[in-house]
Amino acid sequence: QVQLVESGGGLVQAGGSLRLSCAASGRTFSSYPMGWFRQAPGKEREFVAGISWSGGVTTYADSVKGRFTISRDNAKSTVALQMNSLKPEDTAVYYCAARSGRIAGYDYWGQGTQVTVSS
């Protein structure tokens with residue numbers, strides 16, 4: 001079992017930055033690929049960024065490439081999402097997720113943290 005708790009959301013002006021953090025519990029965290037997703041009002045949840053268990057491989061949605069950076073610290077069981085040059089369209093609830101391998105896709109999810117970007 002893995003429990004995920006996000007933090008760091010808030011209100012920021014367009015062009016600003018925020019850093020989201022996800023704290024994980026569970027001894028097997030370091031073996032799981034991790035990801036960040038977001039869901040805007042009236043829209044489906046979408047993939048934002050992913051990182052391999054070692055941190056050596058990262059992937060990004062085209063909409064955030066060059067602006068967002070995902071990272072992890074396995075010693076501290078945390079995953080971060082640094083968001084720069086934020087745009088109003090980045091407004092959403094952001095979720096941290098883990099992929100344990102029991103099923104296809106991500107199977108552990110946090111409760112989400114709200115990010116609001118004002119124009």
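Let us start at a side-chain meeting point: Arg38 and Tyr94 are joined by a polar contact of 2.9 Å between their side chains. Keep in mind that you are looking at a predicted model. Arg38 belongs to strand E4, and with a relative accessible area of 5% it is buried. Tyr94 is not the only polar partner of this arginine: the side chain of Arg38 also makes a polar contact of 3.4 Å with the side chain of Ser63, and another of 2.9 Å with the side chain of Asp90. Setting aside residues up to four places away in sequence, Arg38 touches a long list of others, among them Glu44, Glu46, Val48, Val64, Phe68 and Ala92. Arg99 makes a useful contrast, for its C-alpha atom is 16 Å from that of Arg38, and 61 residues separate the two along the chain.

Now follow two of those polar partners, beginning with Asp90. Is Asp90 buried or exposed? Its relative accessibility is 0%, so Asp90 counts as buried. You can find Asp90 in the loop between E8 and E9. Besides Arg38, Asp90 has a polar contact with a second arginine: its side chain and that of Arg67 are joined at 2.8 Å. Once neighbours within four places in sequence are left aside, the residues in contact with Asp90 are Arg38, Arg67, Phe68, Ser85, Val115 and Val117.

The other partner, Ser63, sits in the loop between strand E6 (58–60) and E7. Ser63 has a relative accessible area of 39%, so it is partly exposed; Arg38, by comparison, is buried at 5%. The C-alpha atoms of Ser63 and Val48 are separated by 8.2 Å, and the two residues are 15 apart along the chain.

Ser85, which appeared among the contacts of Asp90, brings us to the backbone. Most residues other than glycine have a negative phi. Ser85, however, has a positive phi of about 50 degrees although it is not a glycine. Ser85 is in the loop between E8 and strand E9 (92–98), and it is partly exposed, with a relative accessible area of 40%. Which other serine has a positive phi although it is not a glycine? Look at Ser77, where phi is about 55 degrees. Ser77 is part of the loop between strand E7 (68–73) and strand E8 (78–83). With a relative accessibility of 17%, Ser77 counts as buried, because the cut-off for that word is under 20%.

Next, turn to the aromatic rings. How many aromatic pairs does a search of the whole structure find? The search finds five. One of them brings together Tyr32 and Tyr108: the ring centres are 6.5 Å apart and the planes meet at 15 degrees, so this pair is stacked. Tyr32 lies in the loop between strand E3 (18–25) and strand E4 (34–39), while Tyr108 is in strand E10 (residues 108–109), so the pair ties together parts that are 76 residues apart in sequence. Both Tyr32 and Tyr108 are buried. Elsewhere among the rings, Phe37, Phe47, Tyr106 and Trp109 are linked into a cluster by ring pairs.

Rings can also have a charged side chain over them. Arg99, met earlier as the distant counterpart of Arg38, lies over the face of Tyr106, at 5.3 Å from the ring centre. In a similar arrangement, Arg72 lies over the face of Phe29, at 4.7 Å from the ring centre.

Finally, step back and take in the whole protein. It has zero helices and 11 strands. The radius of gyration is 13 Å, close to the 14 Å that the globule rule gives for 119 residues, so the protein is as compact as a globular protein of that length. Along the principal axes, its C-alpha atoms fill a box of roughly 40 × 25 × 25 Å. Of the 119 residues, 42% count as buried. The protein exposes about 6200 Å², and carbon and sulfur atoms supply 49% of that area. Among contacts with a separation of 6 or more, 54% come from residues 24 or more positions apart. The stacked rings of Tyr32 and Tyr108 give you an example of parts far along the chain being tied together, at 76 residues apart in sequence.

Terms used: Residues are numbered from 1 along each chain as its sequence is written. This is a predicted model: local features need pLDDT of at least 70, side-chain atom pairs count only at pLDDT 80 or more; totals for chains, interfaces and linings use all residues. Side-chain values use heavy atoms; hydrogens and water are left out. Helices (H or I, at least four residues) and strands (E, at least two) are DSSP runs, numbered from the N terminus. Buried means under 20% relative accessible area, exposed over 50%, partly exposed in between (1.4 Å probe, protein chains only). Rings of Phe, Tyr and Trp (its six-membered ring) pair if their centres lie within 6.5 Å; planes under 30 degrees apart count as stacked, over 60 as edge-to-face and the rest as tilted. A charge sits over a ring if NZ of Lys or CZ of Arg is within 6 Å of the ring centre and within 35 degrees of the ring normal. The radius of gyration is taken over C-alpha atoms; the globule rule is 2.2 Å times the number of residues to the power 0.38. Contact means heavy atoms within 4.5 Å. Accessible areas come from the Shrake-Rupley method with a 1.4 Å probe; for residues, only the protein chains shown count as cover. A polar contact is a pair of N or O atoms within 3.5 Å; within protein, one must be able to donate a hydrogen and the other to accept it, and residues adjacent in sequence count only if both atoms are side-chain atoms.
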